[in-house]
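I opened the file to go through ligand surroundings and backbone geometry. My notes follow the order in which I looked.

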Amino acid sequence: MLDRRSLLKIGAAAPAVAVSGGVLNQVRALPISGGKDFSPITGMERKAIPSACWQCVTRCPSISYVEDGRLVKIEGQPNSIRTHGVMCSKGQAGVNQYSDPDRILHPMRRVGPRGSGQWKRISWDEALEELTGRLQKLRDDGTPEKFMFHYGRMKASHSKLINTFLANYGTASKGNHTAICEAAKWTGQELTWGKHYDNWDFDNTRFVLNFGSNVLEAHTNHVPSAHRLIARITDHNVRLVTFDVRLSNTAAKSSEWVPVVPGTDRAVVLAMCNVIMSEDLYKGDGEEFLKYCKVTANNAATVEEKVAALKTHLAEYTPEWAEGVSGVPAGKIAEIAREVAMAKPACIISYRGAVASYHGADTERAVQMLAAITGNIDQPGGRCKAVGASWKYPKGPKDKPKARKLKIADGLPGAAKLPTHHVSHQVLKMIKDGSHGRPDVYMSYCYTAVYANGDVQENIDILKDESLIPFSVNVNPYYDESAALADLILPDTPFTERWGWEDMVSPAQIPEYYIRQPAVKPLGECRDFADVCIDMAERMGFPLGYKSHEEFVQASCEMTPAVKAAGGFEYMKANGVYHDPAAKPAFYSYKKVLSPEKYQKETVVKDPQTGTYWDWKKAKLESAEEALAKGYLKTKGSYKAYVGVEVDGQVLSGFKPDKVNLSGLFEIYSDVMKDADLPAMPSWTAIPEYEAKKPEDLILTTYKHAAQIHSRSANCKYLTEVFHDNPAWLNPETAKTKGIADGDAIKVISASGELLTTARVTPAIVPGAIAIAHHCGHWEYGRYASGKKAPLVEADEADADRIWWTSKGAHPNWIIGNRADPISGQLRFMDTVVKVEKA
Amino acid sequence: MTYHDRNISRRDMVKATGLGAAVATTAVAAPKAAKAVAAPGHQAQYAMVIDVRKCIGCQACTIACKTEYEVPLGKHRSWVEAVEKGTYPDVSRSFRPRLCNQCSEPACVPVCPADATWKRDEDGVVVINKDDCIACGRCVEACPYDARFLNPVGGKADKCDFCLHRVEQGLVPSCVNTCQGKARVFGDLNDPESEVSKLVADHPVTVLLQETGTKPNVYYIDADHADPADARFAGQYVRVDTNRPVEERR
Ligand code: SF4
Ligand code: SF4
Ligand code: SF4
Ligand code: SF4
């Protein structure tokens, strides 16, 4: 709750309050921007509770406003350095998650055949007795791995707490969702600069070059990035050039939109690198940065050797060649390449549009290379190593069982060579395949496995099949397409009734600590799943050491030095956010010179091949000799033992590796890729499906709209009122060859199936492509999403009778296969070859 | 009686006692922050400047307005239009956030047979007294901008009122508060020092349907006023999308 003190603080942050002697001064005070709200009906002030959004992964700090015990309004947190108090439409619609009449308010047990929609209400005791009974048996039998946990939007304190539960139970059979999101990007980054997350320092940039990011509509760090970018381009006349298949709103706000054939951005990036190297435009900051790069097999190569290697490797990727692949005129590629090289600094950004395709991880590597040779890595105005809050938290019991796992998270054999974020879209396929075992209990959380992955029919068939999945539990505030196929539904609270701490990336390069507080008590019998985990652990005899998620958050606030110093839990409850006002933005982390104590230790050796200092003890080796004999690169998991890297005779923190053994240099040439029989340098690799494509075939791509999150917001009535239909975009030239007119019914046919939809004929898309938005075509998820009430739901809402839209759109995932980028495992949402005809 | 009605009756009372309109409202809740209401003797004209260059079409304003008032589905106090036009690859999309213009010559006011709607002297906001409104719908018809509707909840005429309940407490309107691009700027046009006054003075601005003579107080910087009718003459592709059920633009 906002106390008086914090209110005054918010007030003070606004322009001067000009009141003298109770009479308003002639100089009129400017209105303050937020932190308060009043009822338009009664005029009474609404109760303000600092919290955090959890619609999308950005998790913006927010304020919940409560009136008569009801959550009525959500606004941004004006004291947040990430958002400056603004919010997107999805965040504003968070109240709809709370008020959705189709919320599941009680545990439900299936009574008819699986998927028949027949349920009965049961008590929490009954639900947890059955569930923990099954789990306990698996644990007692020594097969805890047969409990599989498949999660989607889980992060921060929820992730820590729930993972503590799973670890103490003893299962490591976990499926995530990153491969349907941006796994290719993270893998590409892990292969170049270690730990993932790039932050784009728009505040300080002079030029933004964008490959496939729709940052103004949707992004991992949407509001914090978007509001900065638009300010930068309008207030500071910074140019934004966007390469995209389609005129997204981001492309529309760009100085230039450059249409590109789907899945071919990498060709453009390589050609830009070619121009920069062949015209010697790398000189200056790029050349300086090459000192920290690995560009050949030899980690100790000189800058001259690195330049020569780049020139040789890139020679074939001329702009003329790239034009043939991408459709972007050679002259345009060269022009933009020169511009990005001259702009100091330039921010080169990339997202799913460029990477959710064949060899997408290599596209991200190519973008990293472009940023490196133009000297735009981790410096003000560039592509930076992200910073976020580092919370301390209760770790749970000391003695954990050794966790066991089913090896089903990384896809079918051969699906991906370096799936550092797993191949979640093939988890169900792996269960069907059975060669690596099957779970007895499959539980999914914050995840619409059926709807969010490709090959929807196959997902349904597998989840319905009791011989493949004997017991299926869905943790969910809503009755979505996956919940409909469960045996047991545990009613989760929407985020509006959860506790939590958050640590998402701060675009200010200064960490922001913030918490989520429930606006109101959970409705019905809903329980935050984190609390349910604490309860289940207790029931199975391994208590986690805290009684509630609230207590966990409280303990974290008191354990985290920065937060504790600010006033701990009480301060966070009153203010919601905290950042160190004296902190300076963090840049150039790789340049930090290590103090000798860090690497002149008995357990630390220098790897002669890579120049990497690493701790053999941490790598679980016996001695320095063993470490030297095995070598850093050949020791499994040696990245966890990384200490630093030698550059020019100095030991630096370098680029700390994560998930794969990186030297600590910025790796344009990758030993890991080479060892996996993949291109060592970012390269063009022909897309097999395109090679076989007929001239009349089109390429299907997907996109997100500003007013929906990917798959969990169609129940928000106000969002679905804005965006409920997704006709397929076709260029007029393309449409003409097929005799398709605007508004025509069309059929889109892929190797996975057929989809009926309508055409939106628009010049805002490249010829030869067809773009279909996500979010639509739900067949469950309550009345606003699908027109169907959730079972056993009695609640009514007058607005349900006012639904005025007649089409709910078509969901493209029915015809998008669960095909993986062979490097990262990323689902290839952007390069499905299809036939399109008038229906 | 709603919050506004109370203020409105106070205004009537003030009028009746001949004190004039320049009385700062004693708000229902004790004001804790700066107040943006008129200083004694000052007649404000609240206005909004929408800098379309900064609008990213995120629809946060639409939803903020919807939740602030629990506006029923199908009705809008505020909405956003997107104007897409051009020939591949020279295509543009520009956004046009919409709301009541709080016109200085409001077409909606004189048609009201019940004297239930008027432009406030103290701040220029066009308001509706729901108690007096007889739900005849004439103002809804008369507004050339489609800014009014009969609210299915209560049945009376409704529209944007610049979030008076917030503004009178020193807060910006809800849509302004959330605007990602800071494209929506709110203030007093009669105060030469206000941001809106400066923006209007420093930029070429436009209003919607200037020819109707309603004298809007919502100004646009860099708006694209193209509509599909233009396409017919120019042989050009122009498409205007809106998130309202009403397809055609008014
Ligand atoms: S970007 Fe929007 S949806 Fe995502 S967390 Fe922020 S406000 Fe919520
Ligand atoms: S926009 Fe329409 S409703 Fe608003 S004041 Fe003008 S005429 Fe009246
Ligand atoms: S000023 Fe208030 S009522 Fe008007 S559009 Fe904005 S949020 Fe809606
Ligand atoms: S909130 Fe602002 S940026 Fe977003 S659509 Fe509305 S006016 Fe445009």
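These entries cover two ligand shells, then some backbone features.

Entry one, ligand 1. I noted first that the model is predicted. I listed the residues around ligand 1 and found A:Cys53, A:Gln55, A:Cys56, A:Thr58, A:Arg59, A:Cys60, A:Met87, A:Cys88, A:Lys90, A:Gly91, A:His222 and A:Val223. By class this shell holds 6 nonpolar, 4 polar and 2 charged residues. I then checked the helices: α2 (89-92) and α7 (222-235) of chain A each give at least two residues to the shell of ligand 1.

Entry two, ligand 4. Here the surrounding residues come from chain B, including B:Cys55, B:Cys58, B:Cys61 and B:Cys179. B:Pro97 and B:Arg184 are also among them. I recorded 8 nonpolar, 3 polar and 1 charged residues for the shell of ligand 4.

Entry three, cis peptide bonds. I found one between A:Lys344 and A:Pro345, with omega about -5°. A:Pro345 sits in the loop between α13 (330-342) and β15 (346-350) of chain A. In chain B, the bond from B:Tyr88 to B:Pro89 is cis, with omega near -5°. I placed B:Pro89 in the loop between β2 (78-87) and β3 (90-99) of chain B.

Entry four, positive phi. A:Tyr588 is not a glycine, yet its phi is positive, about 50°. I located A:Tyr588 in the loop between β22 (577-578) and α23 (596-599) of chain A. Is A:Tyr588 buried or exposed? A:Tyr588 is partly exposed, as its relative accessible area is 35%. For B:Asp222, also not a glycine, I read a positive phi near 65°. B:Asp222 lies in the loop between β10 (218-221) and α7 (228-234) of chain B.

Technical notes:
Residues are numbered from 1 along each chain as its sequence is written. Chains are lettered from A and ligands numbered from 1 in the order in which they are written. This is a predicted model: local features need pLDDT of at least 70, side-chain atom pairs count only at pLDDT 80 or more; totals for chains, interfaces and linings use all residues. Side-chain values use heavy atoms; hydrogens and water are left out. A residue is near a molecule or strand if one of its heavy atoms lies within 4 Å of it. Ala, Val, Leu, Ile, Met, Phe, Trp, Tyr, Cys and Pro count as nonpolar, Asp, Glu, Lys and Arg as charged, and the others, Gly among them, as polar. Buried means under 20% relative accessible area, exposed over 50%, partly exposed in between (1.4 Å probe, protein chains only).
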